[in-house]
Amino acid sequence: MTRIFLARTRCAVFALPAGAALALSPALAQEPAPALTDVITITGQRPDTTGTDRIDPDTLPPASGPDATRLVARLPGAAGLSNGALSGQVQYRGLAGARINIRIDGQNFASGGPNLMDPPLHYASLPLVARMEVDRGVSPVSGGPGLAGGVDAVFKSMPFNDGPGLRTGYDITLAARSADSSYAAGGMAGIASDTLRLHMLASHESGGDIETASGTIGGSEHERSAWGLGAGWRSGAHTLSLDLRRNETGPTGNPPFAMDIRYFNTDMARLAYTGDFDTMRLELEAGWVDVAHAMNNYDLRPAPAMMMAWRETLAFAETRTVSAALAFDAMGGELRTGIDRASSDHDVTITNPSNTGFYLNSLPDIDIARTGAFIEWTGGLPAQWQGELGLRADYHEAEAGLASTGPAVPAMPGMLAMAFNAGDRSWDDTTLDAVARLWRPVSETATLRVTLARKTRVPTYLERFAWLPTAASGGLADGNTYVGDVDLRPETAWIAEAGFDWQSGSVYARPTVFYRRVDDYIQGVPFDATPGVIDTPVEMVSNMNGDPTPLRFANTDAELYGFDADFGWRIDANWRLDGTLSWVRGERRDTGDTLSGDNLYRIAPPSLRLGASYDAADWSVTLETLAVAEQDRVSQTLSEAETPGHVLVNAYGRWAVRPGVEIAAGVENLLDQPWRDHLAGYNRNAGSDIALGQRLPGNGISAGIRISLRG
């Protein structure tokens with residue numbers, strides 16, 4: 001299959017390490033790469049997939065925080081939702097949360113918290129991450145369902161030794177940041193022969209409250225530790241691997257939510273086999289993840305004056321996955337087909353630690369399962385087109401157990417539990433996905449890209465089974481209370497994207513326009529036709545919890561469209577300019593609805609990032625400007641506040657001290673400007689300099705340093 005490779009540096013990408021500047025030489029710039037693949041970090045190896053952006057954590061400025069979403073957010077079309085130091089979510093072309101197919105080291109699993117305090121990238125401690133792989137536009141059907149692109153946080157590991165004998169290796173990262181007086185340390189160390197490999201992973205991160213130009217964000221500290229083992233065996237064309245990890249998150253603040261993290265204790269296991277036979281390749285995988293979680297409203301924020309208002313929520317989630325796939329040559333390309341199954345159990349109970357008789361099993365004994373099959377072909381098409389074509393079908397099942405309340409709980413919630421138990425608590429349906437990603441060289445310097453897709457997403461267990469109105473919203477952090485709907489239909493997105501990759505000499509550009517029409521888009525709507533009139537049990541209970549106008553998750557219709565690009569110019573051997581531009585609109589398109597034309601909630605405003613870099617033989621420096629427009633196209637339904645625009649100036653540099661040792665340092669928000677990220681939540685922690693209900697500000701001037709040791 002004919003492929004065209006583009007090797008380049010970018011804005012938003014940290015200055016190149018010593019020696020990597022050679023990757024910009026004309027000879028390497030003409031090396032072939034998949035037209036849908038952007039080589040962001042030059043590693044000397046050609047990528048082996050199409051449609052994937054790859055970015056190295058070492059490209060993240062050292063003054064950035066511990067949240068791995070900050071790394072992905074530097075790509076065109078991407079942004080980060082800040083729900084706390086370790087609870088950020090990726091937004092890609094206007095879609096976020098469960099709508100994005102996110103994996104941790106290739107493993108897909110359910111988060112443990114109903115408010116997504118542990119979205120999947122919560123488990124991607126940056127000192128352990130080798131690279132982020134982001135599916136451009138949409139994910140291939142082989143990666144599973146999901147409306148937007150996908151993200152895989154690939155962890156550091158010890159590769160097999162290609163020569164005789166044993167080889168040792170290590171990859172260690174040490175970092176510190178002034179905005180929250182934080183530090184991080186961790187990495188990988190291992191040993192390998194040509195047939196066996198073994199490595200250990202470990203990291204620890206800790207930080208205090210975040211300082212901003214508007215004051216200190218109270219209750220924004222964080223603490224997280226992770227460790228694990230990885231092993232592999234190789235014999236000829238057969239490879240077997242096993243990875244075991246443990247993640248422990250300690251007290252960590254979530255100011256946009258009604259509670260903070262007390263702990264997440266999570267165990268992960270993954271077993272994988274790949275075997276190449278004469279005419280085919282066999283891939284087998286099994287995974288298991290177990291999450292135990294507690295959050296409360298009194299440890300990291302001022303406790304309620306009356307102990308009857310103290311709350312601690314206990315949540316549990318267990319995920320089991322298995323998959324099998326075959327790949328072989330067919331029709332002038334590679335045909336890959338497979339089956340997979342994912343099942344998860346969830347249970348959430350709200351308690352009062354001072355009263356054993358007070359408990360509400362708000363999400364009781366929920367079982368969710370998906371069984372899917374796919375077929376995917378990649379190869380050459382007529383008229384010099386190349387393509388990736390895929391079909392996927394999934395059968396979904398969901399069922400909830402019996403809700404219960406304690407004897408100390410008022411009668412009205414007990415009535416809601418009885419009504420839930422008396423209704424239908426099971427659901428099943430089938431979804432179909434189809435993806436066609438096409439590309440074709442149109443000249444010696446440009447490659448055209450076109451994507452057409454139909455992608456689906458089923459409701460989360462919270463959206464479907466939440467019978468008690470609470471502030472749990474799956475990470476929306478909008479301050480509303482929600483209930484679910486057992487009869488919710490799956491979302492269906494019809495997707496069209498077009499763009500091109502262009503590189504001529506020392507100049508490159510990669511623009512894309514996109515459109516997503518989403519049928520049955522799930523979002524909150526007023527609980528009934530008379531919002532504010534408290535005339536139902538749900539509204540009465542919600543009013544007791546401080547919100548007289550609860551929302552219910554419902555199927556609406558929506559559309560998202562926009563434009564994004566990255567671009568750059570290598571001015572001479574030392575100087576270069578790189579930039580990214582992102583613009584997206586999200587609107588409801590309901591018909592016959594008084595709210596028709598409302599904007600979707602929490603959509604990133606237009607932004608432009610531009611960096612000027614100077615690359616020397618063993619050091620480099622970058623001055624970067626991030627300009628973000630105001631966001632006045634906000635959701636009236638969810639009472640979303642507008643935000644003004646802002647401009648930030650950042651500076652950072654890297655120095656290759658010697659082979660295997662690199663130091664990076666920098667300053668974020670160099671001018672100490674007060675600013676508010678539109679994707680940040682609203683403050684709900686009274687022990688803060690930020691007023692209750694105000695959008696949380698971004699950090700003030702912050703210095704950072706990172707030391708990388710490899711060998």
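**Exercise 1. Salt bridges between side chains**

Determine which side chain meets Arg281 in a salt bridge in this predicted model, and classify Glu283 as buried or exposed.

*Solution.*
Step 1. The side chains of Arg281 and Glu283 form a salt bridge, with an N to O distance of 2.9 Å.
Step 2. Buried residues have under 20% relative accessible area. Glu283 has a relative accessibility of 17%, and therefore counts as buried.
Step 3. As background, side chains of opposite charge can pair when their charged atoms come close.

**Exercise 2. A salt bridge between strands β21 and β19**

Identify the strands that hold Arg392 and Asp340, and state how many residues apart the two lie.

*Solution.*
Step 1. A salt bridge joins the side chains of Arg392 and Asp340, at 2.6 Å from N to O.
Step 2. This pair links distant parts of the chain: Arg392 belongs to strand β21 and Asp340 to strand β19 (residues 333–352), 52 residues apart.
Step 3. Arg392 and Asp340 are both buried.
Step 4. Elsewhere, Asp58, Lys156, Asp171, Arg706 and Arg710 are joined into one network by salt bridges that share partners.

**Exercise 3. The pair Asp135 and Arg103**

Place the salt bridge between Asp135 and Arg103 in the chain, and decide whether each partner is buried or exposed.

*Solution.*
Step 1. The search of the whole structure gives 45 salt bridges.
Step 2. One of them is formed by Asp135 with Arg103, whose closest N and O atoms are 3.7 Å apart.
Step 3. Distant parts of the chain are linked here, since Asp135 lies in strand β7 (residues 129–135) and Arg103 in strand β6 (residues 101–104), 32 residues apart.
Step 4. With the buried class set at under 20%, Asp135 qualifies at 7% relative accessibility. Arg103 is buried as well, at 13%.

**Exercise 4. Two surface patches**

Name the residues of the negative patch and of the nonpolar patch, and find which strand gives the most to the nonpolar patch.

*Solution.*
Step 1. On the surface, a patch of negative charge gathers Asp365, Asp367, Glu399, Asp424 and Asp487.
Step 2. Of these, Glu399 is located in strand β21 (residues 386–399). Its relative accessible area of 44% makes Glu399 partly exposed.
Step 3. The nonpolar patch covers about 720 Å² of surface and consists of Leu196, Met200, Leu229, Trp233, Leu240, Leu242, Leu244 and Leu271.
Step 4. At least two residues of the nonpolar patch come from each of β11 (196–207), β14 (222–235) and β15 (238–249). The greatest contribution is that of β15, with 3 residues.
Step 5. Leu271, also a member of the nonpolar patch, is in strand β16 (residues 260–276). Leu271 is partly exposed, at 41% relative accessible area.

**Exercise 5. The chain as a whole**

Describe the secondary structure of the protein chain and explain why it is judged as compact as a globular protein of its length.

*Solution.*
Step 1. The protein chain contains 5 helices and 33 strands.
Step 2. Its radius of gyration is 25 Å, close to the 27 Å given by the globule rule for 711 residues, so the chain is as compact as a globular protein of that length.
Step 3. Taken along the principal axes, the C-alpha atoms fill a box of roughly 75 × 55 × 55 Å.
Step 4. Buried residues account for 56% of the 711 residues.

**Exercise 6. An exposed loop residue**

Locate Pro164 and state how far its C-alpha atom is from that of Arg270.

*Solution.*
Step 1. Pro164 sits in the loop between β8 (150–155) and β9 (167–177).
Step 2. The exposed class begins over 50%, and Pro164 belongs to it at 79% relative accessibility.
Step 3. Pro164 and Arg270 are 106 residues apart along the chain, and 28 Å separates their C-alpha atoms.

Note on methods. Residues numbered from 1 in each chain as written. Predicted model: local features only at pLDDT ≥ 70, side-chain atom pairs only at ≥ 80, totals over all residues. Heavy atoms only, no water. Patch = residues over 30% accessible without salt bridge, like charges linked within 9 Å, V, L, I, M, F, W, Y side chains within 5 Å. Areas by Shrake-Rupley, 256 points an atom, 1.4 Å probe, with all protein chains shown as cover. Salt bridge = Lys/Arg side-chain N within 4 Å of Asp/Glu carboxyl O. Lys, Arg positive; Asp, Glu negative; His and termini not counted. Charge placed at Lys NZ, Arg CZ, Asp CG, Glu CD. Helix = DSSP H or I, 4+ residues; strand = E, 2+ residues; numbered from the N terminus. Buried < 20%, exposed > 50% of the residue type's maximum accessible area, 1.4 Å probe, protein only. Rg over C-alpha atoms; globule rule 2.2 N^0.38 Å.
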